[in-house]
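Trainee: I'm new to this structure, and I learn best by starting from one spot and following it outward. Please pick a single part and walk me through it closely.

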Amino acid sequence: MSANHAINPAPPMLPPEAALDMPIQRLDGPPPAAIEVKTQPHGLLIKRLLLIALTAVLALAASTQLRMVLAREQVNALDIVLLVMFVPLFGWISFGFVNSAIGFYKLISGDHPGFTPVPSPAQPLRHRVAVLMPIYNEDVDATFGRVRTMARSIAAAGGAAWIDFFVLSDSSEDNGEREQAAWLALAREAPIAVYYRRREHNTARKPGNIADWVRRFGAAYECMLVLDADSLMSGDAIVGMASIMEERPSIGLLQTVPMITNARTLFQRWMQFASEAYGPIATAGLLWWSGSEANFWGHNAIVRTRAFAQSCGLPELPGKHPLGGHIQSHDMFESALLRRRGWAVHMVMIDGSYEEFPPSIIDYAKRDKRWMQGNLQHLRLLGTSGLHWASRLHLLLGASAYLTSPGWLLLLLTSALQVIFSREATLMGISTSWVLWLTLLLLFGPKLMGLTWMLSSAARRRSFGGAARIVRSVALDIPLAMLMAPVIMMTQTKSLLAMALGIPSGWSAQVREARRIPVLSTLADLREHLVLGLAFAALAWFDPVVGLWFSPITLGLLSSPWLISWTSSERLGTLAHALGFFWVPAPQLGEETPEPDS
């Protein structure tokens with residue numbers, strides 16, 4: 001035996017098993033008994049009623065104007081379709097604006113501090129915590145590089161004695177061999193215990209992966225901090241969150257708001273800036289009304305293990321794919337089940353929580369398609385017995401987010417048909433009224449609030465690269481967002497139609513590496529986008545004014561191959577950064593944690 005092996009013997013792949021029962025939950029019948037929530041903020045009902053009331057006032061006021069226009073003429077079938085679609089869609093953008101306006105007020109007034117360092121633990125941890133990273137055919141070097149970074153940071157934060165790290169693989173056998181070799185090299189020198197387990201069959205995907213760990217090892221750990229393969233968290237954040245869970249025993253789940261890291265392509269840098277610039281406003285609003293009924297996003301969150309085992313054994317839904325079978329967007333429903341048992345679910349805005357973002361619009365759309373299938377499954381879960389009404393609202397909002405795309409498309413097609421058959425579009429009748437200005441406010445108001453928030457503090461201006469870079473970045477973000485909106489609208493509508501035909505989204509490994517997508521390779525997936533763009537462009541022949549109103553949508557659809565190709569470029573991402581676009585604050589990962597490329 002070599003001296004090196006004598007000093008660093010092969011570590012155990014897994015600790016001794018500590019079984020924990022995780023029963024499958026019944027979704028009907030009498031709800032289970034619940035504990036008392038002790039961390040619920042005061043006045044939550046009033047806050048939620050105010051949010052709903054303000055949304056309803058805006059939506060009903062705009063729809064009243066539309067009804068007045070319709071009353072001046074003979075109403076036909078297209079007018080009725082228009083009215084039916086207009087009210088919920090206007091209500092959706094009204095809800096987003098009101099949520100952001102509340103968040104903006106909380107931030108700008110100083111009532112909410114925004115992203116802050118996690119509080120230092122008042123005392124050392126008293127219970128064991130497991131950090132779980134489920135992986136599925138990921139880049140081995142990049143994945144274990146993140147594990148190494150977090151293991152060192154946890155040790156530097158004083159958590160080595162209490163925190164173990166588990167890499168939970170659902171990868172193929174070939175990838176598993178490379179993972180095991182990388183694990184062994186890391187586990188020999190890691191300052192905390194790092195374990196590795198690979199399932200031969202990835203039953204129920206990620207929730208099945210987590211449930212398998214809970215049933216085999218969960219009894220040994222008070223909490224589990226769940227990551228994604230592209231997650232990165234500082235040791236200070238992990239130890240601090242574990243400390244909060246010890247000090248607040250009625251909290252079942254604590255969700256962080258991860259920011260984007262390792263952005264390289266133009267698309268990633270653009271999305272990173274948007275999340276840093278506008279995300280805090282929307283998140284502060286979400287925290288204001290969510291309270292102890294917040295959401296779970298499936299990663300970068302700490303969960304009380306026994307509460308999870310007691311509450312979150314997921315049944316299979318009856319029926320065929322895509323809406324039957326395993327619950328795909330498990331996380332949001334798991335938070336609802338935790339709250340059903342009385343466990344509080346909170347969200348926190350702290351530094352040190354990061355994730356990577358898909359490198360291109362195409363990769364984003366593939367991930368979004370999986371989320372769509374899972375979120376639409378939630379419509380079948382709204383009737384689950386015993387759910388808190390705020391949890392049902394979260395599930396409904398998540399599902400309706402994907403129903404708005406076909407709704408907007410139907411609204412546009414209805415207006416186009418009105419132009420073709422009656423030479424007059426009802427929406428154009430209200431475009432000269434105050435509803436137009438209200439619509440622009442609702443759509444672009446959150447971006448202007450984000451701009452104001454970034455410019456309102458000298459320290460914040462410096463963190464974004466200065467006032468000139470901030471203004472320049474917002475000025476580029478707005479037209480890019482306008483071009484991308486119809487692309488996403490059409491892509492989500494296609495995905496929804498595929499689901500209606502019974503075609504499941506599948507579960508392939510996510511593409512995380514940057515690569516330039518040629519324009520020609522996008523054309524096969526964008527045929528419907530281009531045909532619709534040409535059809536909208538032809539509206540100018542019937543009515544030039546309507547054609548002008550449709551021009552942002554037309555331009556976005558017709559330019560979609562170039563938009564996808566150019567934004568997938570790492571070279572253009574680097575150039576944009578060099579020219580002062582899309583600068584963001586430096587990651588807050590602690591002194592011992594290497595800073596990711598940003």
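Mentor: Asp212 is partly exposed, with a relative accessible area of 23%; that label covers the range between buried, under 20%, and exposed, over 50%, using a 1.4 Å probe and protein chains only. Before we follow Asp212, please note that this is a predicted model, where local features need pLDDT of at least 70, side-chain atom pairs count only at pLDDT 80 or more, and totals for chains, interfaces and linings use all residues. Residues are numbered from 1 along each chain as its sequence is written, and side-chain values use heavy atoms, leaving out hydrogens and water.

Asp212 has a partner: Arg197 forms a salt bridge with it, and the closest N and O atoms are 3.2 Å apart. Here a salt bridge means a side-chain nitrogen of Lys or Arg within 4 Å of a carboxyl oxygen of Asp or Glu. Arg197 sits in strand 3 (residues 194–198) and Asp212 in helix 6 (residues 205–217), so the pair ties together parts that are 15 residues apart in sequence. Such helices (H or I, at least four residues) and strands (E, at least two) are DSSP runs, numbered from the N terminus. Unlike its partly exposed partner, Arg197 counts as buried, at 4% relative accessibility. The two also belong to a network of salt bridges that links Glu17, Arg197, Asp212 and Arg216.

By this rule the model has 18 salt bridges, so let's visit two others for company. Arg128 pairs with Asp164, their closest N and O atoms being 2.8 Å apart. Arg128 belongs to the loop between helix 3 (77–108) and strand 1, while Asp164 is in strand 2 (residues 163–169), so this pair ties together parts 36 residues apart in sequence. Arg128 counts as partly exposed at 29% relative accessibility, whereas Asp164 counts as buried at 5%. Further along, Glu528 forms a salt bridge with Lys494, with the closest N and O atoms 3.1 Å apart. That pair links distant parts of the chain, with Glu528 in helix 18 (residues 527–537) and Lys494 in helix 16 (residues 467–500), 34 residues apart. Both ends are partly exposed: Glu528 at 32% and Lys494 at 27%.

Now step from helix 6 to strand 4 (residues 223–226). Cys223 and Leu225 point one way from strand 4, Met224 and Val226 point the other way, and all are buried. In general, side chains in a regular strand alternate between the two faces of the sheet. Strand 4 has neighbours to look for, and two strands pair if DSSP finds at least two bridges between them. With strand 1 (residues 129–135), strand 4 pairs in the parallel sense over four bridges, and Val226 is the bridge partner of Leu132. Four bridges also join strand 4 to strand 8 (residues 301–304), this time antiparallel, and there Leu225 stands opposite Ile302.

One last stop is the cysteine we just met. With a disulfide defined as a pair of cysteine sulfur atoms within 2.5 Å, the count comes to zero. Cys223 is in no disulfide, its nearest cysteine sulfur, that of Cys312, being 13 Å away. Cys223 has a relative accessible area of 2%, and Cys312, at 1%, is buried as well.
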